[in-house]
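Reader: Could you walk me through this structure before I set anything up? I would like to go residue by residue where that helps.

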Amino acid sequence: MSQLDMLIKGHLFAKCAIDRALLDLAGKALDVPVCNLLGGAYHLSYTVSRSLPFASAREVTERALQLQALGYNRLTLNGSGVLRDDYACFKAVRHALGDHFELP
C-alpha cells in the first residue's frame with residue numbers, strides 16, 4: 001500500500017477497497033480470519049447500527065422511533081455541519097429514545 005500511495009495520489013476509497021481485498025487474500029492464503037492478521041478480535045459480537053441522514057429534528061426523531069420499534073438499539077446520527085442544528089437534532093433524538101439507547 002505504501003508503494004501504491006507513492007505511485008498514485010488520492011483515490012482513497014479505491015485504495016481502501018484494494019487494501020481490504022489484499023487482507024482478505026492473505027487471510028485465505030494463511031487460512032486465518034483477517035482479524036488475526038490485524039492483532040486478534042476486539043469483540044466477538046457487535047450491535048447492528050443504522051445511520052440516519054440529517055433532516056429536521058422532528059423527521060430524524062420520528063425515523064429513530066420507527067427503527068427503535070423495529071428492534072434497533074443503536075443508531076448513528078449524521079450531522080449537517082451546523083453545530084446548533086446538529087445539537088438540536090441529537091438532543092431531540094436522545095430525549096425521545098432515552099438515556100440508555102446507544103447513539104455513538
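Author: What follows is a short tour of selected residues, and the model is a predicted one.

Reader: Let's start with Lys-15; which helix is it in, and is it buried or exposed?

Author: Lys-15 lies in helix α2, which covers residues 12-30. Its relative accessibility is 8%, and Lys-15 therefore counts as buried, since the limit for that label is under 20%.

Reader: What does the side chain of that lysine pair with?

Author: The side chain of Lys-15 makes a polar contact of 2.9 Å with the side chain of Asp-5. The Lys-15 side chain also reaches a backbone atom, namely the oxygen of Ile-8, at 2.5 Å.

Reader: And which residues does Lys-15 touch, if I skip those up to four places away in sequence?

Author: With those left out, Lys-15 touches Met-1, Leu-4, Asp-5, Ile-8, Lys-9 and Gly-10.

Reader: Met-1 is on that list, so where does it sit relative to α1?

Author: Met-1 is placed in the segment before α1, the helix that spans 2-7. Met-1 is partly exposed, with a relative accessible area of 35%, and together with Ile-18, Leu-22 and Leu-25 it makes a nonpolar surface patch of about 360 Å².

Reader: Changing topic to the cysteines, how many disulfides are there?

Author: The count comes to zero disulfides. For Cys-16, the nearest cysteine sulfur belongs to Cys-35 and is 17 Å away, whereas a disulfide would need the two sulfur atoms within 2.5 Å.

Reader: Are Cys-16 and Cys-89 buried, partly exposed or exposed?

Author: Cys-16 is partly exposed, with a relative accessible area of 34%, while Cys-89 is buried, with a relative accessible area of 4%.

Reader: Now the backbone; which sign does phi have at His-11, and where is that residue found?

Author: His-11 has a positive phi of about 55°, although it is not a glycine, and it is found in the loop between α1 and α2. As background, most residues other than glycine have a negative phi. His-11 is exposed, with a relative accessible area of 57%.

Reader: What about phi at Asp-31?

Author: Asp-31 likewise is a residue other than glycine with a positive phi, here near 55°. Its place is in the loop between α2 and α3, the latter being residues 34-37, and at 70% relative accessibility Asp-31 counts as exposed.

Reader: Moving on to Thr-61, which helix holds it, and what is it in contact with beyond its neighbours within four places in sequence?

Author: Thr-61 has its place in helix α4, residues 57-69. Leaving those sequence neighbours aside, Thr-61 is in contact with Ala-92, Val-93 and Ala-96, and at 12% relative accessibility Thr-61 counts as buried.

Reader: Last one: how far apart are Ala-88 and Ala-57, in sequence and in space?

Author: Ala-88 and Ala-57 are separated by 31 residues in sequence, and their C-alpha atoms are 6.6 Å apart in space. Ala-88 is found in helix α5, residues 83-97, and it is partly exposed, with a relative accessible area of 39%.

Notes. Residues numbered from 1 in each chain as written. Predicted model: local features only at pLDDT ≥ 70, side-chain atom pairs only at ≥ 80, totals over all residues. Heavy atoms only, no water. Patch = residues over 30% accessible without salt bridge, like charges linked within 9 Å, V, L, I, M, F, W, Y side chains within 5 Å. Areas by Shrake-Rupley, 256 points an atom, 1.4 Å probe, with all protein chains shown as cover. Salt bridge = Lys/Arg side-chain N within 4 Å of Asp/Glu carboxyl O. Helix = DSSP H or I, 4+ residues; strand = E, 2+ residues; numbered from the N terminus. Buried < 20%, exposed > 50% of the residue type's maximum accessible area, 1.4 Å probe, protein only. Contact = heavy atoms within 4.5 Å. Polar contact = N/O pair within 3.5 Å; in protein donor to acceptor, adjacent residues only side chain to side chain.
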